[in-house]
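Trainee: Could we go through this one together? I'd like to start with the overall make-up and then get into the sheets.

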Amino acid sequence: MSQGPAWLDTFPDLKAVDDPAWREVADRALVVDLPEFAPVYIGGDVCRNFMLVQSGAIRTYTVFENGREMVLYHLHKGESCSLTASTLLTCGKYTANAITESETRVVLIPKNDFYTAFDQSTEFRLYVCAELSGRFHELLLLLETVGMRNVEGRLARWLLENRSESDCVKASHRELAHELGTAREVVSRHLKDFEKKGLVKLSRKYIELADVNALGARFSSQRA
């Protein structure tokens, strides 16, 4: 098996694909560097490439009619963009937006090459389908979370799931609002209430989880 282009080292599952159709497509892929906060795609645009993230981070989000944003998912090193895959497969247009969260390097596979690989490479097709399945599962969990009407429980869940090993979260109130699909003022009000109850300690873009067990109970009670 040939080693293929260097970018494949970031994607071991794709590097292991050994058939002529995929190898030719991989050799023609474009590697592009994007600055921080650069638009990657915009809802309504035509999708022209299947995208993979070699380094950096991308936020995919939707915007409601009232201007409020909600994060759908994040892309990090070694992950592929399922929205580009699903949009290409349906020959449609983007239904969401994406922006880089840091300097990011992406690998772009033009749509005709994507179709060739999907049609002629069983292993590549299985890779794409597995990625789509995983992202679909994540979106189901997101819908479950959004279905919890009480923002308090959703906020507690997000803090618990995104805390560091030292039980800290680095995020502004505005960023949390985007993650939860609500207003910044709502997030701030609940965080201040959490702080008053001794559940968290607040500072600028930094939240320390002071009582993880109590936060877990707060989420569980809302889930019930």
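Trainee: How many helices and strands are in the protein chain?
Mentor: Bearing in mind that this is a predicted model, the protein chain has nine helices and 11 strands.

Trainee: And what box do the C-alpha atoms fill?
Mentor: Taken along the principal axes, the box is roughly 60 × 35 × 35 Å. The chain has 224 residues, of which 43% count as buried.

Trainee: Sheets next. In what order do the strands run in the one with E4 and E5?
Mentor: That is an open sheet of four strands in the order E2-E7-E4-E5, with antiparallel pairing. Strand E2, residues 39-41, and strand E5, residues 69-76, each have a single partner strand, so one side of each is left without a neighbour in the sheet. From one strand to the next, the twist averages 30°.

Trainee: How many bridges join E4 to E5?
Mentor: Seven bridges join E5 to strand E4, which spans residues 57-63, and the two run antiparallel. Within that pairing, Arg59 stands opposite His74 in E5.

Trainee: What about the sheet with E8, which strands stand at its edges?
Mentor: It is an open sheet of four strands, ordered E1-E8-E3-E6 and paired in the antiparallel sense. The edges are taken by strand E1 (30-34) and strand E6 (79-80), and because each has a single partner strand, one side of each is left without a neighbour in the sheet.

Trainee: And E3 with E8, over how many bridges do they pair?
Mentor: Strand E3, residues 49-55, pairs with strand E8, residues 104-110, over six antiparallel bridges. One of the residues to look at is Val53, whose bridge partner in E8 is Val106.

Trainee: Which strands does helix H3 touch?
Mentor: Helix H3, residues 82-90, packs on the sheet and touches E3 and E6, with its direction at about 170° to that of E3. Helix H4, residues 111-120, also packs on this sheet, where it touches E3 and E8, and its direction makes about 70° with that of E8.

Trainee: Switching to the surface: what share of the exposed area do carbon and sulfur atoms supply?
Mentor: They supply 50% of the about 12,000 Å² that the protein chain exposes. As for charge, there are 28 positive and 31 negative side chains, and the centres of those two sets lie 8 Å apart.

Trainee: Last one: what share of the contacts links residues 24 or more positions apart?
Mentor: Among contacts with a separation of 6 or more, such residues account for 68% in the protein chain.

Notes
Residues are numbered from 1 along each chain as its sequence is written. This is a predicted model: local features need pLDDT of at least 70, side-chain atom pairs count only at pLDDT 80 or more; totals for chains, interfaces and linings use all residues. Side-chain values use heavy atoms; hydrogens and water are left out. Two strands pair if DSSP finds at least two bridges between them. Axes are lines fitted to C-alpha atoms, for helices over the stretch in contact, and angles run from 0 to 180 degrees between N-to-C directions. Buried means under 20% relative accessible area, exposed over 50%, partly exposed in between (1.4 Å probe, protein chains only). Contact means heavy atoms within 4.5 Å. Accessible areas come from the Shrake-Rupley method with a 1.4 Å probe; for residues, only the protein chains shown count as cover. Lys and Arg count as positive and Asp and Glu as negative; His and the chain ends are not counted. The place of a charge is taken as NZ of Lys, CZ of Arg, CG of Asp or CD of Glu.
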